[in-house]
Amino acid sequence: MNEAKPYNYRYMAYVHGYHQREQARLQDQASTLVELLHADTVYPEGSRVLEAGCGVGAQTVTLAGRSPGATIISVDISERSIVEASEKIRKAGYSNVWFRQADIFQLPFDPESFDHIFVCFVLEHLASPVEALRSLGTFLKPGGTITVIEGDHGSACFYPESEAAQKVIHCQVELQKRAGGNANIGRELYPLLRASGFGHTKVTPRMVYVDAGIPELVEGFIKNTFTAMIEGVRQPALDAGLSDAVTFDEGVRALYRTMEKDGVFCYTFFKAVAVKG
Ligand SMILES: C[S@@+](CC[C@H](N)C(=O)[O-])C[C@H]1O[C@@H](n2cnc3c(N)ncnc32)[C@H](O)[C@@H]1O
């Protein structure tokens, strides 16, 4: 299978790619955000949890560690990611996770065979998120829950303000849109889940706020998570004619500028938990 172009037509090109640098970024993102996103992610003893789109296992480690009595079945369309994720879980010493290469739209499981489903940073890359959620819903037992976490690049705000920085962020949003995804999907979780047939749905915004007083977030979030992601689309943005090199680099410098001692950076993730009606 060509890792850069998964076969599923509903999943266009994965805009961030599968390179080592992107895998490291996903890991940094997960480690930095673990308390903010997962303080309330706990599954009961004996429950079966499906993690859809596990990637290299950046969230899987947290799921396994926080819910040692649950069995977690993690799937991803990328075989290479599944291999890396399995290795990560093995090294971490967890034995409650099973991996399988599978497509969210053609899952090899019995209907209503999971108590909970967990999806993180996946819908933003899908051309048909409602179809994906509907499909996932068929694998949930009645009364089971689905947890969805997504970012929203439109929520990024920072000091010093910079038009150049907003322009490079827009390059990423536009590339993801052209690839069939939606980098601003976080704000849509409630309507998407309701349109997919889920019942009670609670969405909570999770804002990352960073200033120089929180140096671990300056490094972990502004540099290694957000700016690394934007820098990662430099060449595709230039190739697509969305920016020239000088303007792009100016925007990236403006993002780095927010890491200085008077800088501030805010970004909001959205976490939804919905019940199968
Ligand atoms: C941004 S990564 C997120 C990985 C992980 N959830 C995390 O938070 O680190 C998105 C993942 O979704 C996977 N993916 C995309 N479309 C998929 C599909 N149709 N079925 C299964 N996995 C898919 C990609 O291969 C990729 O690993």
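In which strand is the place of His116? Select strand β4, residues 114-120, and you will find His116 there. One thing to keep in mind as you look around: this is a predicted model.

**Stop 1: His116**

Show His116 as sticks and add a surface. Is His116 buried or exposed? His116 counts as buried because its relative accessibility is 14%, and the cut-off for buried is under 20%. Now bring up its surroundings. Setting aside residues up to four places away in sequence, His116 touches Tyr43, Pro44, Ser47, Arg48, Val49 and Leu50, and also Leu140 and Thr145.

**Stop 2: Cys120**

Stay in strand β4 and move to Cys120. With a relative accessible area of 6%, Cys120 is buried too. Which residues is Cys120 in contact with, leaving aside its neighbours within four places in sequence? They are Gly53, Gln59 and Ile149. Ile149 deserves a click, as Cys120 stands opposite this residue of β5. If you like to try the distance tool, pick the C-alpha atoms of Cys120 and Arg194: they are separated by 18 Å, and the two residues lie 74 apart along the chain.

**Stop 3: strand β5 and its partners**

Next, select strand β5, residues 140-150. This strand is mostly covered, with eight of its eleven residues buried. Colour β4 as well, and you can follow the two strands running parallel, joined by six bridges. Then add helix α4, residues 129-137: together with β4 and β5, helix α4 makes a right-handed β-α-β unit.

Which strand pairs with β5 in the antiparallel sense? Select residues 264-276, which form strand β8; six bridges link β8 and β5. For one pair to look at, take Val148, whose bridge partner in β8 is Ala272.

**Stop 4: a pair of helices**

For the last stop, hide the strands and select helix α1 (residues 20-38) and helix α7 (residues 215-231). At what angle do α1 and α7 pack? The angle is about 145°, and the axes are 9 Å apart. Their crossing is left-handed.

Turn on side chains to see who makes the contact. From α1, choose Arg21, Arg25, Asp28, Gln29, Thr32 and Leu33. From α7, choose Leu217, Gly220, Phe221, Asn224, Thr225, Ala228, Met229 and Glu231. Colouring by residue type gives a mixed picture of this contact: five nonpolar, five polar and four charged residues.

Methods: Residues are numbered from 1 along each chain as its sequence is written. This is a predicted model: local features need pLDDT of at least 70, side-chain atom pairs count only at pLDDT 80 or more; totals for chains, interfaces and linings use all residues. Side-chain values use heavy atoms; hydrogens and water are left out. Helices (H or I, at least four residues) and strands (E, at least two) are DSSP runs, numbered from the N terminus. Buried means under 20% relative accessible area, exposed over 50%, partly exposed in between (1.4 Å probe, protein chains only). Contact means heavy atoms within 4.5 Å. Axes are lines fitted to C-alpha atoms, for helices over the stretch in contact, and angles run from 0 to 180 degrees between N-to-C directions. A crossing is left-handed if the near helix is turned anticlockwise from the far one by less than a right angle, and right-handed if clockwise. Ala, Val, Leu, Ile, Met, Phe, Trp, Tyr, Cys and Pro count as nonpolar, Asp, Glu, Lys and Arg as charged, and the others, Gly among them, as polar. Two strands pair if DSSP finds at least two bridges between them. A crossover is right-handed if, with the strands pointing away from the viewer, the path from the first strand over the helix to the second runs clockwise.
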